[in-house]
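Colleague: I'm new to reading structures and would love a close look at a single part. Could you take me through the packing inside this one, step by step?

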Amino acid sequence: MSRRSLDPKRFLMTKPAYKTGNETAKKAGEENLGKSRRDHRWFAPVLVELRKVFKQKLAAELALIANRSTRVCEDWIATPPRGAPDGEALSALLNSRIGDVVWKALTKSCAEPWRKKLNRQMEISQLLDQQRETAARLAALQNGGDL
């Protein structure tokens, strides 16, 4: 047994140990292709719209809706973002009371005709709801009722 094999410096875990000492940590197929592969930019337009809806405590509101911890949601809204909702959380956001806001933000740059038709239908639905509410309020006021 040689003296070199028992050298304690060889067993330190600070650097990877390579047989020849001149190999690189990455093979040719493992080259870094740029910045982080975790791209959270898709969630940025949604955050802009959600900040309009929730002026305060956005992380707490998102945590409640998406069934995630407040800390995770703080990562979503951080600058720069350190994460974005996964599929389950996105589904929860879309199926919540703010689903229309999330959907519109996600499809804002879509130029497909189906999106324009669907937006038109959503606006018609909102106007009909407002019309019903206004008619009910008018009837209550005309009957001497108090809202």
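**A look into the core**

Modeller: Happy to! Let's start with Leu-93, which touches Phe-43, Leu-62, Ile-65, Ala-66, Pro-85, Ile-98, Gly-99 and Val-102, leaving out residues up to four places away in sequence. Keep in mind that this is a predicted model.

Now let's widen the view to the core. The largest nonpolar core has 21 residues, and Leu-93 is among the four that touch the most other members, together with Leu-50, Leu-62 and Trp-76. Five helices each give two or more residues to this core: H1, H2 (58-66), H3 (70-77), H4 (87-94) and H5. Of these, H2 gives the most, with six residues.

Next, look at how two of those helices meet. Two packed helices are described by the angle between their axes and the distance between the axes. For H1 (residues 44-53) and H5 (residues 99-106), the angle is about 145° and the axes are 8 Å apart. H1 passes H5 in a right-handed crossing. On the H1 side, the contact is made by Pro-45, Val-46, Glu-49, Leu-50 and Val-53, while H5 brings Val-101, Val-102, Ala-105 and Leu-106. Sorted by class, that contact has eight nonpolar residues, one charged residue and no polar ones. Two names here should be familiar: Leu-50 came up in the core, and Val-102 is touched by Leu-93.

Finally, try finding Gln-126 in helix H6 (residues 113-142). Gln-126 is partly exposed, because its relative accessible area is 33%, between the 20% and 50% cut-offs. Apart from its neighbours within four places in sequence, Gln-126 is in contact with Asp-100 and Lys-104.

Note on methods. Residues numbered from 1 in each chain as written. Predicted model: local features only at pLDDT ≥ 70, side-chain atom pairs only at ≥ 80, totals over all residues. Heavy atoms only, no water. Axes fitted to C-alpha atoms, helices over the stretch in contact; angles between N-to-C directions. Helix = DSSP H or I, 4+ residues; strand = E, 2+ residues; numbered from the N terminus. Left-handed = near helix turned anticlockwise from the far one by under 90°. Contact = heavy atoms within 4.5 Å. Nonpolar A, V, L, I, M, F, W, Y, C, P; charged D, E, K, R; others polar. Core = buried A, V, L, I, M, F, W, Y, C linked by side-chain atoms within 4.5 Å. Buried < 20%, exposed > 50% of the residue type's maximum accessible area, 1.4 Å probe, protein only.
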